Amino acid sequence: MRVRLENLTKKFDTVVAVDDFSMTFEDGQLVVLLGPSGCGKSTLLNMLSGILPATEGKIYFDDEDVTDLPPQDRGVGLVFQNYALYPHMTVLENIAFPLEIKKVSKQERWQKAKEMAKLVHVDEYLDRKPRELSGGQQQRVAIARALIKQPRLLLLDEPLSNLDARLRLEMREEIRRIQQETKVTTIFVTHDQEEAMSISDMIVLMKDGQLQQLDTPQQLYDDPNNEFVASFLGNPPINKLTGVINENKDFVLETSDVINLENPNVKPGQKVTLGIRPEAIMLNQDNYDMRATIVQRYTMGKEELAFVKVGNSEIRVYLSSDYTYKVGDQVDIKLRNKGIFLFDQQTGERI
């Protein structure tokens, strides 16, 4: 099912939680609503479900206007952070419960519940109560319960937040598998950029209730619209150096290092921020762009990184095993073409 939002706005008194939001979720996609806490992503999800009424704007499921429809008439499946399983019911009873509400015969709902349990890999636990399950198993049951209604749209609000790191990794892979098998249009809310990039077909990145960028995970990373998008995505985070554009349209750092970025859109005297992905930095190459001093080294699994000081700023770089670097060493920095961005200091927009 295709979902279309037109100028959707949600206000709580004077607070605008979602601001004039327009976009389309394509049929069969897994789309992630991503952004920092308070950006409006859960509010947007709750308007899609019908739990919250829209202040302004329209919501369409395919060509049907569902803006004023109650939740039970929208054909939506919901999975929340806290699972909300009934403690006195077994796994089988929990999964089958939505069909019991619809007065489906016991034999039919039992059969469908078993099929859903098999899909989410909890068919071995049908007679157990929720308290006898792990967090990951409880989340699978919650997903099965949402899917048994054969929803047109599946909504998941921070569904993995209560799980430890290993279980989160396992469950996001499972959610991706289940979504691809069922082909149901799915919208997944998270603040975790790694989670979003690993699970989604498309990412909707939000800030202050507004859409910052809608794109594939790789395109968001490689081609950000603005400084916020570039800063929010990436681990380690993007480096940022401030400077000014000179008469030759080169970038001049506070250290007086001059970098020719060959950007025809800059203007002499313009104050800009240079965004540099850590992987876009090469060390000790010929024709270097600037000099730096290593101030700290640290290891992230198989990768070794360092903080290096450029003027009054510290930036992260990857270290090569070809050299033995020590704190205090001077290094020459050269920038690759990919992973380098210029932003206007005043607006944050990409230049």
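**View 1. Gly-50 takes a positive phi of about 95° just after helix H1.** The model is predicted. Helix H1 covers residues 41–49. Eight of its nine residues are buried, so H1 is largely enclosed by the rest of the structure. Those buried residues are Lys-41, Thr-43, Leu-44, Leu-45, Asn-46, Met-47, Leu-48 and Ser-49.

**View 2. Helix H4 is mostly covered.** H4 runs through residues 135–147. From first C-alpha to last, this helix of 13 residues reaches 19 Å. That is close to the 18 Å expected at 1.5 Å a residue. Twelve of the 13 residues are buried. Among them are Gly-136, Gln-137, Arg-140, Val-141, Ile-143, Arg-145 and Leu-147. The buried residues of H4 pack against two strands, S6 (76–79) and S7 (153–157). They also pack against helices H2 (91–101), H3 (106–119) and H5 (165–182).

**View 3. The largest nonpolar core holds 47 residues.** Which residues touch the most other members of this core? They are Ile-95, Ile-143 and Ile-175. H4 gives the most to this core, with six residues. A second, separate core has 28 residues, including Ile-245, Leu-274, Val-310 and Tyr-325.

**View 4. Ile-95 and its contacts, leaving aside neighbours within four places in sequence.** Ile-95 is in contact with Ala-113, Met-116, Ala-117 and Val-122. Val-141, Ala-144, Arg-145 and Ile-148 are also in contact with Ile-95. Of these, Val-141, Ala-144 and Arg-145 are among the buried residues of H4.

**View 5. Glu-227 makes a side-chain polar contact with Lys-240.** Glu-227 lies in helix H8 (residues 227–232). Is Glu-227 buried or exposed? Its relative accessible area is 16%, under the 20% cut-off, so Glu-227 counts as buried. The polar contact joins the side chains of Glu-227 and Lys-240 at 3.2 Å. Not counting residues up to four places away in sequence, Glu-227 touches Lys-240, Thr-273, Phe-343 and Gly-348.

**View 6. Arg-128 sits in the loop between H3 and H4.** Arg-128 is partly exposed, with a relative accessible area of 34%. Arg-128 and Met-89 are 39 residues apart in sequence. In space, their C-alpha atoms are 8.4 Å apart. Arg-128 touches Met-89, Thr-90, Val-91 and Leu-133, with residues up to four places away in sequence not counted.

Note on methods: Residues numbered from 1 in each chain as written. Predicted model: local features only at pLDDT ≥ 70, side-chain atom pairs only at ≥ 80, totals over all residues. Heavy atoms only, no water. Buried < 20%, exposed > 50% of the residue type's maximum accessible area, 1.4 Å probe, protein only. Helix = DSSP H or I, 4+ residues; strand = E, 2+ residues; numbered from the N terminus. Expected span 1.5 Å × (residues − 1). Contact = heavy atoms within 4.5 Å. Polar contact = N/O pair within 3.5 Å; in protein donor to acceptor, adjacent residues only side chain to side chain. Core = buried A, V, L, I, M, F, W, Y, C linked by side-chain atoms within 4.5 Å.
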